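Good morning, and thank you for making time for this item. I should like to take you through one structure, beginning with the overall fold and then turning to individual residues.

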Amino acid sequence: MNDAELRQCFSQIRRGDRGAFEALYADLQTPVFTVLLRIVQEQAEAEDLLQDFFIKLYQDPPGDRVAKPRAYLFQSARNLALDSLRKRRPALDIDQYPPPMAETDPAERLDLERALQTLTDLERQIVALHLNGGLTFRQTAEIVQAPLGSVLWKYRRALDKLRAQLAD
C-alpha cells in the first residue's frame, strides 16, 4: 500500500471497518515481522511484537496528522522492537530459532542468517527497513536518526559484507 492508500485505510479502520484492517494486515504483516525479527533476533518475541503492533494499530490508528504513513508504521515497529530489547532478559541463542522464510532451502536460510549476524545492529535495521519495509533511504535515515549519507554508506557496506559471507 502506498501512503494515500494507507491514509484511506486508517480512516476506514477508525470508522470500524474490519475489512480495511484485514487488508492492512495482509499487506504489512510480512515486512513488519521481518523488521521486528531483524531487530530482536528472536522469532517468538518478533511474533509477539507483531501482534502487539497490529492490536495497537487497530485500537488507535493514526490520524491525518501523519505525513508519511508507511514510514510512521515502520518507525512504530522499530520503536516497539527497541523497547522490547531494553526490557529483555539475557538473550537466547538465535540459532535455536531460525526465522521462517518463504520457500527457501534450509541450508540457504542458515547461510543467510549467519551472514546477517555479521552485520551491526544498525546495519541490520537499515537493510531490513529498506528491503523488507520498502522504505526509501531518506525515510530509513529519519527512522534510524542518522544522516542520509551515513545510511547509504552503511547499506552499501552491509550488502558488501553479505555478498562476501555468502560467496564463501
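Read from one end of the sequence to the other, the protein chain has the pattern α-α-α-α-α-α-α-α. That amounts to eight helices and zero strands. Please bear in mind throughout that this is a predicted model.

Some totals for the chain come next. It has 168 residues, of which 42% count as buried. The exposed area is about 9,400 Å², and carbon and sulfur atoms supply 50% of that area. Turning to contacts between residues at least 6 apart in sequence, 67% of them join residues at least 24 apart.

I now come to the aromatic rings. How many aromatic pairs does a search of the whole structure find? The search returns five. One of them is formed by Phe-21 and Phe-54, with 6.2 Å from centre to centre and 80° between the planes, an edge-to-face arrangement. This pair links distant parts of the chain, since Phe-21 belongs to helix α2, residues 18-40, and Phe-54 to helix α3, residues 43-59, with 33 residues separating them in sequence. Both partners, Phe-21 and Phe-54, are buried.

Phe-54 also pairs with Tyr-25. Here the ring centres are 4.7 Å apart and the planes stand at 70°, so this pair is edge-to-face; the angle qualifies because the cut-off for that class is over 60 degrees. Tyr-25 in helix α2 and Phe-54 in helix α3 are 29 residues apart, and this pair too links distant parts of the chain.

Are the two partners buried or exposed, or partly exposed? Phe-54 has a relative accessibility of 3% and therefore counts as buried. Tyr-25, at 24%, counts as partly exposed, because buried requires a value under 20%. Taken together, ring pairs join Phe-21, Tyr-25, Phe-53, Phe-54 and Tyr-58 into a cluster.

The next residue is Arg-78, located in helix α4, which spans residues 69-87. Which side chain of opposite charge is nearest to Arg-78? That side chain is Asp-83, 9.3 Å away; Arg-78 is buried yet has no salt bridge. A polar atom of the Arg-78 side chain does, however, lie 3.0 Å from the backbone oxygen of Ile-143. Setting aside neighbours within four places in sequence, Arg-78 is in contact with Ile-39, Gln-125, Leu-129, Ile-143 and Val-144.

Helix α4 also contains Ser-84. With 15% relative accessibility, Ser-84 counts as buried, since that value is under 20%. Again leaving out neighbours within four places in sequence, the contacts of Ser-84 are Glu-45 and Leu-49.

Finally, I turn to Phe-137, which is found in helix α7, residues 137-144. Its relative accessibility is 21%, and so Phe-137 counts as partly exposed. Beyond neighbours within four places in sequence, Phe-137 is in contact with His-130, Leu-148, Val-151, Leu-152 and Tyr-155. As a further distance, the C-alpha atoms of Phe-137 and Pro-147 are 10.0 Å apart in space, for a separation of ten residues in sequence.

To close, I would leave you with two points from this predicted model. Ring pairs link Phe-21, Tyr-25, Phe-53, Phe-54 and Tyr-58 into a cluster. Arg-78 is buried and has no salt bridge, while its side chain has a polar atom 3.0 Å from the backbone oxygen of Ile-143. Thank you for your attention.

Technical notes. Residues are numbered from 1 along each chain as its sequence is written. Side-chain values use heavy atoms; hydrogens and water are left out. Helices (H or I, at least four residues) and strands (E, at least two) are DSSP runs, numbered from the N terminus. Buried means under 20% relative accessible area, exposed over 50%, partly exposed in between (1.4 Å probe, protein chains only). Lys and Arg count as positive and Asp and Glu as negative; His and the chain ends are not counted. A salt bridge is a side-chain nitrogen of Lys or Arg within 4 Å of a carboxyl oxygen of Asp or Glu. A polar contact is a pair of N or O atoms within 3.5 Å; within protein, one must be able to donate a hydrogen and the other to accept it, and residues adjacent in sequence count only if both atoms are side-chain atoms. Contact means heavy atoms within 4.5 Å. Rings of Phe, Tyr and Trp (its six-membered ring) pair if their centres lie within 6.5 Å; planes under 30 degrees apart count as stacked, over 60 as edge-to-face and the rest as tilted. Accessible areas come from the Shrake-Rupley method with a 1.4 Å probe; for residues, only the protein chains shown count as cover.
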